[in-house]
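Thank you all for coming; I would like to walk you through one protein chain this morning, and I will try to go slowly enough that nobody gets lost. Please have the picture open in front of you as I talk.

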Amino acid sequence: MSDRSPGASAPGLRRAVTRPAVREETAMPDHRRLGRELDLFDTDPLLGAGLPYWLPAGATVRHALEEYVRDVERRAGYQHVCSPVLGKRELYELSGHWAHYRADMFPPMDLGGEQVVLRPSLCPHHAVIYRSRAHSYRELPLRLAELGGMYRSELSGVLGGLTRVRAIQLNDAHVFCAPDQVADEVLAALELIRGAYRAMGITPARYRLSLPGPGGKYVAGAERWRRSTALLTEALRRSGLPFEAAAGEAAFYGPKIDVQVADAAGREATLSTVQVDFHQPERFDLRYVGADGARHRPVMVHRSIVGSVERAVAQLVEEHGGAFPPWLAPVQLVVLPVSAAEAAPAATLVRRATGLGLRAEVVGPGHGSLGSRVRAARLVPYLAVIGAAEAAAELVAPRLRGGRRLDPLPGGAFLARIAGLVDAHRAELWDEDAR
Ligand SMILES: [Zn+2]
């Protein structure tokens, strides 16, 4: 934090050019440099590598994304649960993580004769939650979702980034369903992912069918692997999405569809994923009562729409260079009174915008000429200029990010158009057909 210039007082308006060049920053991947320049997130050696913290502007982006995800999940029939970020070692022995994934887990903590572990995934907790109640086939598919913390003992956790972190907030869900419901659930999850990428303005690099490879890191059961691979392949074919198969990329308990994105340097990473799992339902002895009155084993479909919020925001920062889609922008509207004489209508407009749930602020003439204020707000999606003529006519002169000017219109009409686009999570700045 020590090398940060005071900059302008308004969040989102601080400019890199006012800061002295720091040598090591030139080698930084894009999202790390932008994350610091835009006051989104940072790290501190005292907190430790791979443990970023979120500044107010970054937390705003993150919360907007989390709210979007929860809303989309509710509408798609998911129920949200909450579970702790720790569990007894025996839980992960049962799930198979201890045998197949221990290298990525934090060492256990000794506590009163037992050992607890920072969880490496949410799956075991959700399996336990499912198991805690009896279930009938009528409840299936039962979709449990959680935006929850998980931990990875990333030895190379780097300072300053969001992509290799030790503490992860994961958008996760597990669909417990009958075998003949799996393909539909996978297809529906792919639809949610496609919708989210549209809203975020992110283009996947490719869809990957991740299969097991040689080596002992996968659970046994050739028939289960064959069935789950066939179900994922069927869903991919029905989706019409182009995909490539890759050996050695499966989860230890089953194959998966990975949605790959590329970072600023062209390196690929997995953001979203859909997995079919016959293994953990068996390990946890999960059951439901079928129409025949007998007990049956459900299948677990693991799916993440946006992956971890850390990686998703890193991708958003890099993909948009900080010029986020309006619904994600830390500040969505900056109101620019040309002179002090327009201070009152500017303040009124910000109050009305805030009342509509928009993130808006006034940047007055004290911050410089109109031109310099417009340049400082270059990443803000919407500007409303109010000069003497606009104030007299009770209008605003709107400008869109990128410089496009619209004809003056009443402030309320401008705000309604913005709120409509934000509420619909549209990636574009303006809807030409809206009224
Ligand atoms: Zn899972």
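I will go from the domains to the sheet, and then to the nonpolar cores.

Please keep in mind throughout that what we are looking at is a predicted model. The domain assignment of the protein chain gives two parts, namely domain 1, which covers 16-319, and domain 2, which covers 326-423. If you take the C-alpha centres of these two domains, they lie 39 Å apart, and where the domains meet, 6 residues of domain 1 are in contact with 4 residues of domain 2. Which helix gives the most to the side of domain 1 that touches domain 2? That is helix α2, residues 56-75, which contributes 5 residues to this side. As for the character of that side of domain 1, its residues divide into 5 nonpolar and 1 polar, with no charged residue among them.

Now let us turn to the sheet. Here 8 strands form an open sheet with mixed pairing, and the order to trace with your finger is β3-β7-β8-β15-β12-β11-β9-β10. The strands at the edges are β3 (79-80) and β10 (243-247), and because each has a single partner strand, one side of each is left without a neighbour in the sheet. As a general reminder, strands of a sheet pair through backbone hydrogen bonds, either parallel or antiparallel. The edge strand β10 pairs with β9, residues 206-211, in the parallel sense over 5 bridges, and within this pairing Ser210 has Ala246 of β10 as its bridge partner.

Helices lie across this sheet as well. Helix α2, which we met at the domain contact, lies across β3, β7 (142-151) and β8 (167-177), and runs at about 160° to β7. Helix α5, residues 123-131, lies across β7, β8 and β15 (299-304), running at about 145° to β7.

Finally, we come to the cores. The largest nonpolar core has 94 residues, and those with the most contacts inside it are Leu65, Val186, Val301, Val335 and Ala384. Helix α6, residues 182-200, gives the most to this core, with 11 residues, and the core draws at least three residues from each of domain 1 and domain 2. To take one residue, Val301 touches several others beyond four places away in sequence, including Val175, Cys177, Val186 and Ala189. There is also a second, separate core of 5 residues, among them Tyr218, Val219, Ala250 and Ala251.

Conventions
Residues are numbered from 1 along each chain as its sequence is written. This is a predicted model: local features need pLDDT of at least 70, side-chain atom pairs count only at pLDDT 80 or more; totals for chains, interfaces and linings use all residues. Domain bounds come from an automatic or database domain assignment. Two residues are in contact if their C-beta atoms, placed from the backbone, lie within 7 Å. Helices (H or I, at least four residues) and strands (E, at least two) are DSSP runs, numbered from the N terminus. Ala, Val, Leu, Ile, Met, Phe, Trp, Tyr, Cys and Pro count as nonpolar, Asp, Glu, Lys and Arg as charged, and the others, Gly among them, as polar. Two strands pair if DSSP finds at least two bridges between them. Axes are lines fitted to C-alpha atoms, for helices over the stretch in contact, and angles run from 0 to 180 degrees between N-to-C directions. A nonpolar core is a set of buried Ala, Val, Leu, Ile, Met, Phe, Trp, Tyr and Cys residues joined through C-beta atoms within 7 Å. A residue is buried if 20 or more other C-beta atoms lie within 10 Å of its own, exposed if 12 or fewer, and partly exposed in between; C-beta atoms are placed from the backbone.
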